[in-house]
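Student: Could you take me on a close look at one part of this protein, the nonpolar core and what sits around it? I would like one connected walk rather than a list.

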Amino acid sequence: MDPTTIANAQRLIQLIDCMRANQPRSPLFQQLGEWGLSMSHLRLLGLLAPDRELSMRELAEALGITPPSLTALTRRLVQNGLVERRSHPDDSRITLLALSEAGRKLHRDLETERLGQMTRLLAGLSHAEQQLFLDLLERAMRT
């Protein structure tokens, strides 16, 4: 990598860290911490939202983790009443996971909060600048 790209990457890291530090920690995210939920737990909730039922195998593949790791990940979600385990209607060997009503509500609330945070972030830019920023970010992510 060239020195300019490295310097810009360091600047990006600093900006992301600053963005995270300046976001007020909401009661909702504090609750997630108290429940011991990580970003992996939130990704799993997102895969099941709003009303999908997926097998343990499908979820493990989507998350890129092993089935035993998924079992450990889902345990906390089940204990907190956010996810329900169900038997597959045609094959009792298959366990399906789905969001409980509490899990759907949590996911909706998290999405609302995240949308508010991103709206505040973009509000300082004109519509044209927002579009340019998003287009450049998408292009950078494709490389």
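Tutor: Happy to. One cut-off will help us along the way: a residue is called buried when its relative accessible area is under 20%, exposed when that area is over 50%, and partly exposed in between. Please keep in mind that this is a predicted model.

Let's start with a residue in helix α5, Thr-74. Its relative accessibility is 0%, so Thr-74 counts as buried. Leaving aside residues up to four places away in sequence, Thr-74 touches Leu-44, Met-56, Arg-85 and Leu-97.

One of those partners, Leu-44, leads us to the largest nonpolar core, which has 22 residues. Leu-44, Leu-45, Leu-48, Leu-70 and Val-83 are the members that touch the most other members. Several elements each supply at least two residues of this core: the helices α2 (27-35), α3 (39-48), α4 (56-63), α5 (67-79) and α6 (101-122), along with the strand β3 (95-99). As a general point, nonpolar side chains in soluble globular proteins tend to be buried together.

Now pick out Leu-48 on your screen. Again not counting residues up to four places away in sequence, Leu-48 is in contact with Leu-54, Leu-59, Val-83, Leu-97, Ala-98 and Leu-99. Leu-97 is thus a partner of Leu-48 and also of Thr-74.

Just along the chain, the peptide bond from Ala-49 to Pro-50 is cis, with omega near -10°. You will find Pro-50 in the loop between α3 and β1 (54-55).

From here we can cross to helix α6, where Glu-111 is located. Glu-111 has a relative accessible area of 34%, so this residue is partly exposed. The C-alpha atoms of Glu-111 and Gly-46 are 9.4 Å apart, although 65 residues separate the two along the chain.

Helix α6 also brings us to the largest pocket, whose volume is about 1800 Å³. Its lining has 41 residues, and the closest to the pocket centre are Ile-16, Met-19, Arg-20, Met-118 and Leu-121. Two or more lining residues come from each of α1 (3-22), α3, α6 and α7 (127-142). Helix α1 gives the most, with 11 residues. By type, the lining divides into 24 nonpolar, 10 polar and 7 charged residues.

To set all this in context, an unreviewed UniProt entry lists residues 1-142 as "domain: HTH marR-type". Over that stretch the chain is 69% helix and 8% strand, and the end C-alpha atoms lie 17 Å apart.

Technical notes:
Residues are numbered from 1 along each chain as its sequence is written. This is a predicted model: local features need pLDDT of at least 70, side-chain atom pairs count only at pLDDT 80 or more; totals for chains, interfaces and linings use all residues. Side-chain values use heavy atoms; hydrogens and water are left out. UniProt positions are given in the numbering used here, feature names are shortened, and annotations may be inferred rather than shown by experiment. Helices (H or I, at least four residues) and strands (E, at least two) are DSSP runs, numbered from the N terminus. A nonpolar core is a set of buried Ala, Val, Leu, Ile, Met, Phe, Trp, Tyr and Cys residues joined through side-chain atoms within 4.5 Å. Buried means under 20% relative accessible area, exposed over 50%, partly exposed in between (1.4 Å probe, protein chains only). Contact means heavy atoms within 4.5 Å. On a 1 Å grid over the protein atoms alone, a cavity is a set of points where a 1.4 Å probe fits but cannot get out, and a pocket is an open set with protein on both sides within 12 Å along at least five of seven lines; lining residues have an atom within 4 Å of a point. Grid points are joined across faces, edges and corners, and a volume is the space filled by probe spheres set on the points. Ala, Val, Leu, Ile, Met, Phe, Trp, Tyr, Cys and Pro count as nonpolar, Asp, Glu, Lys and Arg as charged, and the others, Gly among them, as polar.
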